[in-house]
Amino acid sequence: MATITKQVIRELEAVVGRRHVLHHPEDLLVFEYDATIERALPQAVVFPDTAEEVSAVVKVAGRYGLPVIPRGAGTGLSGGAIAVVGGVVVALTRMKRILEVDAPNRLAVVEPGLVNLELSKAVAPLGLYYAPDPSSQRACTIGGNVAENAGGPHCLASGVTTNHVLGLEVVLANGDVLWVGGKTRDVPGYDLTGLLVGSEGTLAIVTKVVVRLMRLPEATRTLLAIFNELDEASAVASSIIAHGIVPAALEMIDREVIQAVEPALHVGYPLDADAVLLIELEGLREAVVEESEAVLNICREMGAREVRLAEEAAERERLWAGRKGSISALGRLAPNYYVLDGTVPRSKLPQVLRQVNEVGRRYGFRIANVFHAGDGNLHPNILFDEREPGVVERVLDAGREIMRLCVEAGGTITGEHGIGMEKRAFMPWIFSEADIAAMSRLKAAFRVGELFNPSKLFPTAEGEAHQRHVQQATRTLGSDAYV
Amino acid sequence: MLMSSSNRAAVLDLRALLASIRSIVGEEDVREEDLAAYAVDGKAPGAAAFPRTAEELAALLAAADGAGAAVIPWGSGAHMGLGNVPRAYDLALSTARLDRVLEYEPADLTVTVEAGIPLSRLQARLAEHGQFLPLDPPGSPEATVGGVLAANASGPSRHAHGTARDLLLGCRVAHPDGILSRGGGRVVKNVAGYDMPKLYVGSLSTLGVIVEATFRAAPLPVVQETLVAVFPAGTPAAEAGSAAADLGLSLQALELMDPAFTAALLDGLGLSLPEGAWGLAAWAAGSDSAVRRSMRELETLCRGATAQSRLQGGPSESLWERLRGLMQPEAAELATKASVLSSDVPRLMDSLKDLAQRSAIPIASVAHLAVGVVHSRWRLAEGSSGLEGAARVASQTEAAARDLDGSLVVEQAPPALKEHIDVWGSPRMDFELVRRIKEQFDPRGTLSPGRFVGRL
């Protein structure tokens, strides 16, 4: 690890101002982790205010061979914002302005540090919203969403971050500031915007984002379908999709999660149910009525013991409060939990869920499932108590088996959280050396070397990464984690 | 130096290359005659090869790369008008025999195909299960999936469903070194690694050859209806269209048409067309009630129109078929695609119409209104005077789009005109990155040399 000298600190301070650089160990501690179990201390944290300042910081860091780690709100779930090998964290939280809202063209230009939900709030009076809604949307930033290509419950019908980003202003490793994409479509050249979304801060630092806004739906209906059997719930989830209905959201909450949520939040999830589905339909009034009736019929025909329909905003919010508060509520079941993220083909949901729970039984862990059933994006939470000796290693083993199940079902190792540090060792399960080589070529074209967010996304040897996990697993997910 | 023609073997030994090609594929899979059908901008290749597997295709590509040959991958030829004139062209590498559906799981709404399958055949297969790929580029029904991806071709339904980049979940690509790689995956939500499929969509086969693609499919709408309205001028037509887009109606497409395009489309539809009438075509699709409501609202919005016609069922589809047909330029024409903000579409269409009048070159334009994409066909005069006028029109059209912070691509032009312009417009500020990506993926400049942005 390159050491950071007083000289470097002085140069960084010259760029962003003295009060926008942190370098005393006690100040750096809160930048040691994100929402995963990893942690590592950066040598400095800077808070630039403009693209020019980001560029100047990048140049200083480059000159001294110090890695640069871009960071938003630190809500990431794959270790993407952790300074694995030390370096300078570039915290973009001061750059949170909405620079432009163009209502007629339904787009906005924003800075990366803007909190996701703040954008939707700001444009709501215009009848617009920003569609990707990670469950952390009250805290997470648009820049972090771009880095991870974040999803969310309502991405089923409207797509994930990449489908809503039209252009980016970025700072390259040599400090150049340039635009890719723009406000218009089909910009000539390679789709660099599409490549940078989801590149996890390894190719460039985003300093402005042009996002697409969507019209707030005219009508919304939310259904809560209650099941005595988990299998029935997952079969209904895949059946709705197979029927050609694409709800705005289709979420599943299993028995374990209900046990945690209901006593805490009293949202009306029956404690004796094996699973509930939260299904939201949006659009024209007429379509929403028609589709909700179709969904109702599917649920009833396939064994739902009860389906509740919420039309009023307050009722709908209550049903969603249970979903949104589910991860924090898990603390009632166990001192610690480890959240996983994988996607399987939707028709394989019933089978894979059974297998996931079987892994839990075999390892002696309770597993709580709350996830985006509509697009097959699983989030099993392994419940444990870190005080139990050797438990973290077993948690990680169980997690690895579950990831393996997703891959064997034809799925993938991350649907929306990213590879980060956490899943580097699993990359070879889904990508060959040739596949990774193509990604390396792309990275080489950005001439970034090991400057931007090193030791992320690309594979490592499995044993090595696993060992790291165990050594560093001194912190587990807290109440600030969302999926 | 990269990609200069000097980088290629000074004199290509085509004989030797063909011999090595024949050691990879059968005698009947290589052709050295009747190659006019594989000409690009008037240049015919020395040979065409028709591999039967992705592995064969990759091996052929590597052989050509090793021999210093210039390769242009070939689907059905539907989109070969796009791109600058190739700097060299030795081998047409056909994907025609890679035309299978590899995996289709209707319950997952995902489908994996080989790149040479005609899009129309894929659509027929999906329709058996009440599904479709919401990608409807104008042009030949023979257009292959690989060609559509390479050209990033799209049509009216991008209004609701976006373009290929939004529908492609994963792909497999043959690289010039003969290696096959995959990017993305086969599930609808996946953020593992870089999103490589985005790189290949619209790359005009300058980085690799797409040999396989996985898409998300969509359920076929239960009901489809179309409203066509003609207006006395462009402004009220555009206003009605924008208002329709703002209402969040259940629309699959929304097209604004200038008088020439309107007349060509509506000829025979029995609408009275006043001189200079502009048209608006809206395609409602979805559930029965959503479509009925959308049509009702549309009819209200179009009350300023001089005439309206509502088409249901088959007639609705055939109108869109006809519209897409009219977007397809003839060989001698100039075709441009301008991208601007949706709100600037009427202004751009007006200035193109003025430009056409001044240059005495007839124009027909149609816009995907809500996404701000304007397709124009310019009917050029014969001979060299026509060329001069066309070159002027091309550069002034680009200037008009740039003035509105947009971009312009010449999608088709006579080769003689292409020699004088960069069909992609002047390089943008990200060109250095584009160039370096090309250098990384195709260091010898084997694939489609000279055809892409900045003549890469």
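The questions and answers below concern chain B and one helix of chain A.

Colleague: How are residues and chains numbered or lettered, and what kind of model is this?
Modeller: Residues are numbered from 1 along each chain as its sequence is written, while chains are lettered from A and ligands numbered from 1 in the order in which they are written. Local features need pLDDT of at least 70, side-chain atom pairs count only at pLDDT 80 or more, and totals for chains, interfaces and linings use all residues, since this is a model that is predicted.

Colleague: What radius of gyration does chain B have?
Modeller: The radius is taken over C-alpha atoms, and the globule rule is 2.2 Å times the number of residues to the power 0.38. For 456 residues a compact globule would come near 23 Å, which agrees with the value for chain B, 22 Å.

Colleague: What percentage of the residues in chain B is buried?
Modeller: A residue is buried if 20 or more other C-beta atoms, placed from the backbone, lie within 10 Å of its own, exposed if 12 or fewer, and partly exposed in between. Among the 456 residues of chain B, the buried share is 59%.

Colleague: Which residues of H16(A) are buried, and on how wide an arc do they lie?
Modeller: The buried residues of H16(A) are Asp435(A), Ala438(A), Met439(A), Arg441(A), Leu442(A) and Ala445(A). They lie on the same side of H16(A), because the arc they cover around the axis, taken from the directions from the helix axis to the C-beta atoms, is only 150 degrees.

Colleague: Which residue with a positive phi follows H16(A)?
Modeller: Helices (H or I, at least four residues) are DSSP runs, numbered from the N terminus, and H16 of chain A covers residues 433-445. With a phi near 45 degrees, the residue that follows is Arg447(A).

How values were computed:
Helix = DSSP H or I, 4+ residues; strand = E, 2+ residues; numbered from the N terminus. Expected span 1.5 Å × (residues − 1).
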